[in-house]
Amino acid sequence: MKPGRKRKSPYASDRKHQQRPWLSGLAAQAERIVEVGVFTGRTTGYLARHTTATIWGVDHWRGPAAYPGIGLIVNAKSERRFRRRLKPWIENGRVVVVKMESTAAADYLLADHGPVMDLVFIDAAHDYESVRNDIAAWRQCVRPGGILCGHDINWPGVGKAVGEAFPDAGRGGGYCWWTEIGP
Ligand SMILES: C[S@@+](CC[C@H](N)C(=O)[O-])C[C@H]1O[C@@H](n2cnc3c(N)ncnc32)[C@H](O)[C@@H]1O
């Protein structure tokens with residue numbers, strides 16, 4: 001490696017963010033989508049522009065220490081950027097902000113709506129235990145035949161949790177994984 005050049009983290013996400021076009025293709029027919037972990041809303045904004053679905057955006061914006069190597073800082077500024085970016089869709093009700101801890105939000109949405117989500121995209125904390133808990137909580141919110149998917153299967157904790165829950169999970173753009181929820 002040349003001096004002065006930054007080493008790419010082995011855990012870095014695909015820099016071209018190929019998860020966004022892949023996800024919106026998957027979401028083309030969706031009416032109800034949940035994004036778990038929205039950060040500043042770049043993916044939420046992409047989905048809002050490229051689908052007609054209602055999107056629930058879940059985040060606590062507390063900044064977990066679950067991102068070794070990539071230095072993601074999550075704070076009140078991230079929340080403000082999310083709300084500013086998504087303002088037109090929040091105002092017209094197409095994006096619903098759920099400022100809660102992930103698994104509590106899953107319980108809340110399940111109690112409120114039942115298992116009706118066409119697509120749930122998990123991209124919150126990336127350690128094994130969190131991803132395992134997110135999968136267990138959010139799979140219940142997906143309708144039969146709907147899709148549960150997530151980002152960063154190249155992270156060891158994500159790969160382990162997904163592999164245990166769904167050994168046959170498919171792969172999508174930008175290091176995504178996906179599975180169809182059965183009846
Ligand atoms: C990798 S970022 C999300 C990036 C976003 N999906 C995108 O594509 O732009 C992870 C986000 O998940 C949130 N998060 C992490 N653990 C969470 C939890 N247990 N409950 C709610 N949000 C969580 C963090 O606050 C952070 O904003």
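Let me begin with two helices of this predicted model: the axes of α1, residues 19-26, and α2, residues 42-50, come within 10 Å of each other and cross at roughly 40°. Angles under 35 degrees would count as roughly parallel; the two helices are therefore oblique to each other. The crossing of α1 past α2 is right-handed.

Which residues in α1 and α2 meet? From α1 they are Gln 19, Arg 20, Leu 23 and Ser 24, and from α2 they are Thr 43, Tyr 46, Leu 47 and His 50. By class, this contact comprises three nonpolar residues, four polar and one charged.

Thr 43 of α2, which takes part in that contact, leads us to the ligand. There are 19 residues around the ligand, and those that come nearest are Gly 37, Phe 39, Thr 43, Ser 102 and Asp 123. The shell divides into eight nonpolar, six polar and five charged residues.

I turn finally to the strands, and to β7 in particular. Strand β7, residues 176-180, runs antiparallel to β5, residues 142-150, and four bridges join the two. Within this pairing, Ile 147 has Glu 180 in β7 as its bridge partner. Strand β7 also pairs with β6, residues 170-172, again in the antiparallel sense, over three bridges. Here Cys 176 in β7 is the bridge partner of Gly 172.

How many residues lie between the strands in the hairpin of β6 and β7? There are three, and in this hairpin Gly 174 takes a positive phi near 65°.

Methods. Residues are numbered from 1 along each chain as its sequence is written. This is a predicted model: local features need pLDDT of at least 70, side-chain atom pairs count only at pLDDT 80 or more; totals for chains, interfaces and linings use all residues. Axes are lines fitted to C-alpha atoms, for helices over the stretch in contact, and angles run from 0 to 180 degrees between N-to-C directions. Angles under 35 degrees count as roughly parallel, over 145 as roughly antiparallel, 65 to 115 as roughly perpendicular and the rest as oblique. A crossing is left-handed if the near helix is turned anticlockwise from the far one by less than a right angle, and right-handed if clockwise. Two residues are in contact if their C-beta atoms, placed from the backbone, lie within 7 Å. Ala, Val, Leu, Ile, Met, Phe, Trp, Tyr, Cys and Pro count as nonpolar, Asp, Glu, Lys and Arg as charged, and the others, Gly among them, as polar. A residue is near a molecule or strand if its C-beta atom, placed from the backbone, lies within 6 Å of it. Two strands pair if DSSP finds at least two bridges between them.
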